[in-house]
Amino acid sequence: MDEFLKIVGMNHIINSGTFEAYRPETLALMENLKKIVSDEVYGELEDLINDAINSTNDYAFVEGMKVAIAITEKKYKPIL
């Protein structure tokens, strides 16, 4: 189920017309990194940052959809 929700989520994000590869904060980070590290190190860091962003987006979308499904099925129990 998680893999299905991940596919649906990424499809929605990419095809929504509002997809931005980086948020302004990430762009600022990338610009600053570019100034202080070599091109080789920058490329490696960029790959790591992209992987982290993708993993975070996947996790957030899947967990959000699980909550939405639980709410619609009247099975949601908030944990405080």
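Which residues form a nonpolar patch on the surface? In this predicted model, the patch consists of Met 1, Phe 4 and Val 8, which together have about 330 Å² of accessible area. Phe 4 belongs to helix 1, which spans residues 2-15. The relative accessible area of Phe 4 is 52%, and this residue is therefore classed as exposed, the cut-off being over 50%.

The surface as a whole was also evaluated. The protein exposes about 6,500 Å², of which 61% is supplied by carbon and sulfur atoms. Buried residues account for 14% of the 80 residues in the protein.

The secondary structure comprises 3 helices and 0 strands. In sequence order, the pattern is α-α-α. The overall dimensions were computed from the C-alpha atoms, which fill a box of roughly 55 × 30 × 20 Å along the principal axes. The radius of gyration of the protein is 17 Å, whereas a compact globule of 80 residues would have a value near 12 Å. With respect to sequence separation, 55% of the contacts between residues at least 6 apart join residues that are at least 24 apart.

Two further positions were examined individually, one in a helix and one in the segment after a helix. Thr 26 lies in helix 2, which covers residues 24-36. Is Thr 26 buried or exposed? The relative accessible area of Thr 26 is 17%, and Thr 26 is buried because this value falls under the 20% cut-off. When neighbours within four places in sequence are left aside, Thr 26 is in contact with Ile 49 and Ile 53. Both isoleucine numbers fall within the range of helix 3, given as residues 39-72.

Lys 74 is found in the segment after helix 3. What is the sign of phi at Lys 74? The phi angle of Lys 74 is positive, at about 55°, although this residue is not a glycine. The relative accessible area of Lys 74 is 78%; because this value is over 50%, Lys 74 is classed as exposed.

Taken by position, the residues described here include exposed Phe 4 in helix 1, buried Thr 26 in helix 2, and exposed Lys 74 in the segment after helix 3.

Conventions. Residues are numbered from 1 along each chain as its sequence is written. This is a predicted model: local features need pLDDT of at least 70, side-chain atom pairs count only at pLDDT 80 or more; totals for chains, interfaces and linings use all residues. Side-chain values use heavy atoms; hydrogens and water are left out. Helices (H or I, at least four residues) and strands (E, at least two) are DSSP runs, numbered from the N terminus. Buried means under 20% relative accessible area, exposed over 50%, partly exposed in between (1.4 Å probe, protein chains only). Contact means heavy atoms within 4.5 Å. Patches are made of residues with over 30% relative accessible area and no salt bridge: like charges are joined within 9 Å, nonpolar side chains (Val, Leu, Ile, Met, Phe, Trp, Tyr) within 5 Å. Accessible areas come from the Shrake-Rupley method with a 1.4 Å probe; for residues, only the protein chains shown count as cover. A salt bridge is a side-chain nitrogen of Lys or Arg within 4 Å of a carboxyl oxygen of Asp or Glu. The radius of gyration is taken over C-alpha atoms; the globule rule is 2.2 Å times the number of residues to the power 0.38.
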